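This briefing summarises a protein model for computational work. Please consult the sequence and the coordinates together when reading the points that follow.

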Amino acid sequence: MTTTTTTTSTSTSATKQQQKQKSKARWFWHGDDDWIEYDAGMATKLEQAYQAGDTEMKVDKERFVDLENMLQRRYDDRMKRRGVKRETPPFLSNVIVLVLLPPKATKRVSDIVAEHGGLVASKFNKKVTHILTSEKSKDKHMDVLADARKLKIPIVEERYLDRCVSDLDVADPTKYLISIGDDEEEEEEDAKEEEEDDAAAVGEPDTPASDTDNKKRKADVLNDPVTTTTTTTSSSPATSTPTPSATSVP
């Protein structure tokens with residue numbers, strides 16, 4: 001009983017792990033009339049081998065996939081082959097890239113972006129979501145980069161796109177950001193403003209002075225003895241002065 005439970009638990013865990021690692025890319029081999037999709041497990045293995053740069057991936061005892069030429073071949077006769085293709089989701093469908101690189105690199109980046117559903121902007125505008133440039137190229141485009149930074153558009157190096165392709169998703173640009181001239185100055189200004197805001201938040205509000213304090217302060221300034229006399233009189237018990245009685249004239 002215990003063995004059965006353990007086996008079931010292990011099987012469930014392996015299934016969940018396989019689902020978690022399921023490839024986002026889809027792999028197909030060409031049958032007699034149409035493309036046939038590999039199952040999820042095989043697609044995952046093919047994708048991992050493809051990303052690792054392997055040249056071959058075993059399918060079964062008789063066949064393997066030639067990843068260099070995208071062909072499925074037989075071990076006993078390598079000339080017997082069928083076509084293989086890899087399809088990826090358009091994970092860059094919401095991305096508009098402005099490329100500020102030399103011509104050769106610009107073409108490479110533009111082709112990759114288009115292949116995965118993204119758009120390449122011909123010039124800077126507010127719809128641009130990412131700017132790809134390099135340390136060598138950025139100095140020629142400082143005005144554009146300054147405008148992009150004001151709009152908080154990430155300015156990233158070329159490797160960022162390779163990471164997106166590897167993940168088949170829009171990656172976090174944080175590790176691939178390229179700094180421009182006054183980034184540090186702006187960060188210092190932001191930090192200073194935050195400190196001032198924090199100091200203002202913890203400060204105690206001024207307490208309005210009471211009427212009595214105001215009167216005393218005014219008396220001190222004017223050196224008004226009447227105010228002092230009035231204060232003393234009000235604090236002592238009231239006394240009455242006897243009125244002389246009227247007398248009759250003899």
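Is Leu 67 buried or exposed? The model is predicted, and in it Leu 67 has a relative accessible area of 7%. Because buried means under 20% relative accessible area, Leu 67 counts as buried. The surroundings of this residue are described first, followed by the sheet, the helix packing and the backbone angles.

**Surroundings of Leu 67**

- Leu 67 is located in the loop that lies between S4 and S5.
- Beyond its neighbours within four places in sequence, Leu 67 is in contact with Trp 27, Leu 46, Ala 49 and Tyr 50, and also with Asp 54, Thr 55, Glu 56 and Met 57.
- A distance of 9.7 Å separates the C-alpha atom of Leu 67 from that of Lys 85, which lies 18 residues away along the chain.

**Sheet architecture**

- Six strands form an open sheet with antiparallel pairing, in the order S2-S1-S6-S5-S4-S3.
- The edges are occupied by strand S2 (35-37) and strand S3 (56-58); each has a single partner strand, so one side of each is left without a neighbour in the sheet.
- On average, neighbouring strands of this sheet are turned by 30° against each other, direction ignored.
- Helix H2 (residues 40-52) packs on the sheet and touches strand S1 (26-30), S3, S4 and strand S6 (81-87). The direction of H2 makes about 155° with that of S3.

**Strand pairs and hairpins, from S3 towards S1**

- S3 and S4 pair in the antiparallel sense over three bridges. A hairpin of four residues joins S3 to S4, and within this pair Lys 58 stands opposite Phe 64 in S4.
- Strand S4 (residues 63-66) and strand S5 (residues 71-74) run antiparallel and are joined by four bridges. Across this pair, Phe 64 stands opposite Arg 73 in S5, and Asp 66 stands opposite Leu 71 in S5.
- Four residues lie between S4 and S5 in their hairpin, and Met 70 in the turn has a positive phi of about 50°.
- S5 and S6 run antiparallel and are joined by three bridges. Six residues lie between S5 and S6 in the hairpin that they form.
- Arg 73 stands opposite Arg 81 in S6. Arg 73 thus has a listed partner on either side, namely Phe 64 and Arg 81.
- S1 and S6 are paired by four bridges in the antiparallel sense, with Arg 26 opposite Glu 87 in S6.

**Packing of H3 and H5**

- What is the angle at which helix H3 (residues 103-115) and helix H5 (residues 159-167) pack? The angle is about 30°, and the axes of H3 and H5 are 11 Å apart.
- Since angles under 35 degrees count as roughly parallel, this value makes H3 roughly parallel to H5.
- The crossing of the two helices, H3 and H5, is left-handed.
- On the H3 side, Arg 108, Val 109, Ile 112 and Val 113 take part in the contact; they meet Leu 161, Asp 162 and Val 165 in H5. By class, the residues in the contact of H3 with H5 are five nonpolar, no polar and two charged.

**Positive phi values outside the sheet**

- Most residues other than glycine have a negative phi. The two residues below depart from that pattern, and each lies in a loop.
- Lys 152, in the loop between helix H4 (142-150) and strand S10 (155-156), has a positive phi near 60°.
- Leu 168, in the loop between H5 and helix H6 (183-202), has a positive phi of about 55° although it is not a glycine.
- Which of the words buried or exposed applies to Lys 152? Lys 152 counts as exposed because its relative accessibility is 73%, and exposed means over 50%.
- Leu 168, by contrast, is buried, with a relative accessible area of 5%.

Definitions and conventions:
Residues numbered from 1 in each chain as written. Predicted model: local features only at pLDDT ≥ 70, side-chain atom pairs only at ≥ 80, totals over all residues. Heavy atoms only, no water. Axes fitted to C-alpha atoms, helices over the stretch in contact; angles between N-to-C directions. Parallel < 35°, antiparallel > 145°, perpendicular 65-115°, else oblique. Left-handed = near helix turned anticlockwise from the far one by under 90°. Contact = heavy atoms within 4.5 Å. Nonpolar A, V, L, I, M, F, W, Y, C, P; charged D, E, K, R; others polar. Pairing = 2+ DSSP bridges. Buried < 20%, exposed > 50% of the residue type's maximum accessible area, 1.4 Å probe, protein only.
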